[in-house]
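The following exercises invite the reader to examine a protein model step by step. Each task is followed by a worked solution.

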Amino acid sequence: MHNYSAEDSLFIQIEIKKIREARNNAITFIMAIFLISFVILLYVFSDRWLATPDKRTVYHSPTISLYTIFLFPTILFTGLSWALSIKNQKYISVLQQLDSHDLDIYRRYTSVLAQRYAAIALYIFCKNELIFFPLFGSKKIPINQIKRIETKYVHNYRDTYSYHIYFYNDATKIYQTTMHQIAAFDFLQKQLLEENPNLTIIARNQIPSYLRTKDKPTHY
């Protein structure tokens, strides 16, 4: 642990609490989906069981069985809950390793995010690395290896947008990620330019100006 000021220590404690609350909310949501799926499968099974004269044949049906009702949702729920817990623990571990410089970057970054995205940031700058946290695992990219990034925005269904960033070293693509808030998209590019003024940024298409005002305020 670093020797943080009282303000920084309080900030980290609040962030960790928010992260754990977000994890618990996500697991609760997954559990609700699990229970709904279980009820639907149980209803289908019981409806078929009541309609079948020979009740024993239902248990051996290739399409519907008690194993299907219990096993698949249980595996899915357990796997997703485990992945979320591991992801959150890794995120908290990295957060606790930030020095004062990286913590300041993190504080500025989370301040520009809309509240619904503020619990778990997509990436963290830590010890000259850029760390991403997909659902499974984490990806660490040394900042000095990033020589070029390419960006692209995509207009999705129902007037939603996603923002793609592709990272390249001298020869090949090393990673790509997708964001759903332009503030995080803009902040990442700005911070990478501060870390490496020689970074090349290529826009594959131009983002309409009205999108840059949609998520205001965006301040650094």
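**Exercise 1.** Determine which residues are linked into a cluster by ring pairs.

*Solution.* Rings of Phe, Tyr and Trp (its six-membered ring) pair if their centres lie within 6.5 Å; planes under 30 degrees apart count as stacked, over 60 as edge-to-face and the rest as tilted. Ring pairs join Tyr109, Tyr123, Phe125, Phe132, Phe167, Tyr175 and Phe187 into a cluster. The model is predicted: local features need pLDDT of at least 70 and side-chain atom pairs count only at pLDDT 80 or more, whereas totals for chains, interfaces and linings use all residues. Residues are numbered from 1 along each chain as its sequence is written, and side-chain values use heavy atoms, with hydrogens and water left out.

**Exercise 2.** Describe the aromatic pair formed by Phe11 and Tyr106, and state where its two members lie.

*Solution.* A search of the whole structure yields 11 aromatic pairs. One of them, between Phe11 and Tyr106, is edge-to-face, with 6.1 Å centre to centre and 70° between the planes. This pair links distant parts of the chain, as Phe11 belongs to helix α1 and Tyr106 to helix α4 (residues 100-112), 95 residues apart. Helices (H or I, at least four residues) and strands (E, at least two) are DSSP runs, numbered from the N terminus. Phe11 and Tyr106 are both buried, where buried means under 20% relative accessible area, exposed over 50% and partly exposed in between (1.4 Å probe, protein chains only).

**Exercise 3.** Establish how strand β1 is arranged and how it pairs with strand β2.

*Solution.* In a regular strand the side chains alternate between the two faces of the sheet. In strand β1 (residues 123-126), Tyr123 and Phe125 point one way, Ile124 and Cys126 point the other way, and all are buried. Strand β2 (residues 129-132) pairs with β1 in the antiparallel sense over four bridges; two strands pair if DSSP finds at least two bridges between them. Opposite Ile124 stands Ile131 of β2. The two strands, β1 and β2, form a hairpin with two residues between them, and Lys127 in the turn has a positive phi of about 55°.

**Exercise 4.** Is Phe29 buried or exposed?

*Solution.* Phe29 lies in helix α1 (residues 6-51). Because its relative accessibility is 57%, Phe29 counts as exposed.

**Exercise 5.** Summarise the elements and burial of the protein.

*Solution.* The protein has six helices and seven strands. From the N terminus, the order is α-α-α-α-β-β-β-β-β-β-α-β-α. Of the 220 residues in the protein, 38% are buried.
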